[in-house]
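Have the sequence and the coordinates open side by side. The paragraphs below go from a surface patch to the sheet, and from there to charged pairs and one loop residue.

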Amino acid sequence: VTLDGGSLGTFRARASWGKQWARHKEILISGTGMGSQGQSSLFFPELQGQGSDGFIHDADRERAGNMFVNLHIGDFTLQAAGASRRKYFPGLYLGQDFVDPRNYGQDSRGYVDLSYNRSFNETLDVTARVYLDRYQFDGLNPYLGANPGESVVSREFANGAWWGGEFVVNKRVLSRNLITAGADFRLSPII
C-alpha cells in the first residue's frame, strides 16, 4: 500500500496484493486512485476587460483510477484491467464559455484477456487467446449563449468495443527450424 500527497490538494493511493499458492497458481491484484484540486484560480490576461476579471475558478480539477488483475492457473492466464480519468479544464474551443467550471473530458478503458499456453514437449507449443476491449469518452462543453449569462451545453460521446482471438502452433523441426501456423480474428461491432 502506498499513499502520496502533494500541493494543490493532490493525492494518490495504490494497493497491490499477490499470492502464489501452488506451482503454476498465482494471482496479482492492483488498484490506484488519484485526485487533484489543481489551481483554485487561473489567470488569463487575454480575458481581462471582456466582461471578466481574467480569472477562472475551479477549472483545473482531476480524478483518475485504475485496476489490474492477473490470474494464472496451470496453462491459463486471465488478465483484466480498467481505467478512468476525468479532467476539468478551461474552455478550449472558439465560442466556448471559457470561465465555466463545468468543462470536462472523461476517458475510460477496460479489457479482459484469456490465454492458454502449452508446451507439449520440446518441439511443439500451442497458444490460444480471446479478448474483449472497450473505450469510452464523455465530454461536457458549455458555449456562450445569445444573451449574457446564458450558456448552451454540448455533450461529446465516443464508444468503441472490439473483441477477437488467435490460435498459434509452433513446431520445431530438425532442432534448428521452426514452423509457425496460426489464425486470428477481430470484430469491432457498432455500439
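E7, strand E8 (104-121), strand E9 (124-144) and E11 each supply at least two residues of a nonpolar patch. Strands here, labelled E, are DSSP runs of at least two residues, and helices (H or I) are runs of at least four, numbered from the N terminus. The model is a predicted one, in which local features need pLDDT of at least 70 and side-chain atom pairs count only at pLDDT 80 or more, while totals for chains, interfaces and linings use all residues. Residues are numbered from 1 along each chain as its sequence is written, and side-chain values use heavy atoms, with hydrogens and water left out.

The patch covers about 770 Å² of surface and is made by Phe-76, Leu-78, Val-112, Leu-114, Val-130, Leu-132, Trp-163, Phe-185 and Leu-187. Patches take residues with over 30% relative accessible area and no salt bridge; nonpolar side chains (Val, Leu, Ile, Met, Phe, Trp, Tyr) are joined within 5 Å, and like charges within 9 Å. The areas come from the Shrake-Rupley method with a 1.4 Å probe, and for residues only the protein chains shown count as cover. One member of the patch, Leu-132, lies in strand E9. Leu-132 has a relative accessible area of 46%, which means that it is partly exposed; buried is under 20%, exposed is over 50%, and partly exposed is in between (1.4 Å probe, protein chains only).

The strands that supply the patch belong to a sheet. Nine strands form this open sheet, in the order E1-E2-E3-E6-E7-E8-E9-E10-E11, with antiparallel pairing. E1 and strand E11 (177-187) stand at the edges with a single partner strand each, so one side of each has no neighbour in the sheet. On average, neighbouring strands of the sheet are turned by 10° against each other, direction ignored; the axes are lines fitted to C-alpha atoms, for helices over the stretch in contact, and angles run from 0 to 180 degrees between N-to-C directions. Two strands count as paired if DSSP finds at least two bridges between them. Strands of a sheet pair through backbone hydrogen bonds, either parallel or antiparallel.

Start at the E1 edge. Strand E1 (residues 2-6) runs antiparallel to strand E2 (residues 10-22), and 5 bridges join them. Gly-6 stands opposite Thr-10 in E2. The two strands form a hairpin with 3 residues between them, and Leu-8 in the turn has a positive phi of about 60°. At the other edge, E10 and E11 pair in the antiparallel sense over 11 bridges, with Val-168 opposite Gly-182 in E11. The hairpin of E10 and E11 has 3 residues between the strands, and there Leu-174 takes a positive phi near 55°. Within the sheet, strand E6 (residues 62-73) and strand E7 (residues 76-88) are antiparallel and share 12 bridges; Val-69 stands opposite Ala-80 in E7.

Which side chains meet in a salt bridge between E6 and E7? They are those of Glu-62 and Arg-85, at 2.6 Å from N to O. Glu-62 lies in strand E6 and Arg-85 in strand E7, so this pair ties together parts that are 23 residues apart in sequence. Glu-62 counts as buried at 18% relative accessibility, whereas Arg-85, at 37%, counts as partly exposed. A salt bridge is a side-chain nitrogen of Lys or Arg within 4 Å of a carboxyl oxygen of Asp or Glu, and by this rule the count comes to 8.

Other salt bridges join E9 to E10. Arg-129 pairs with Glu-166, with the closest N and O atoms 3.0 Å apart. Arg-129 lies in strand E9 and Glu-166 in strand E10 (residues 151-173), so parts that are 37 residues apart in sequence are tied together. Arg-129 is partly exposed at 27%, and Glu-166 is partly exposed at 29%. Asp-113, Arg-129 and Glu-166 are linked in a network of salt bridges. Asp-138 forms a salt bridge with Arg-155, the closest N and O atoms being 2.9 Å apart. Asp-138 counts as buried at 15% relative accessibility, while Arg-155 is partly exposed at 43%.

Finally, look at the loop between E7 and E8, where Asp-97 is found. Asp-97 is buried, with a relative accessible area of 13%. Leaving aside neighbours within four places in sequence, Asp-97 is in contact with Gly-91, Asn-103, Pro-142, Tyr-143, Leu-144 and Ser-151, where contact means heavy atoms within 4.5 Å. Asp-97 and Tyr-143 are 46 residues apart in sequence, but their C-alpha atoms are 4.7 Å apart in space.
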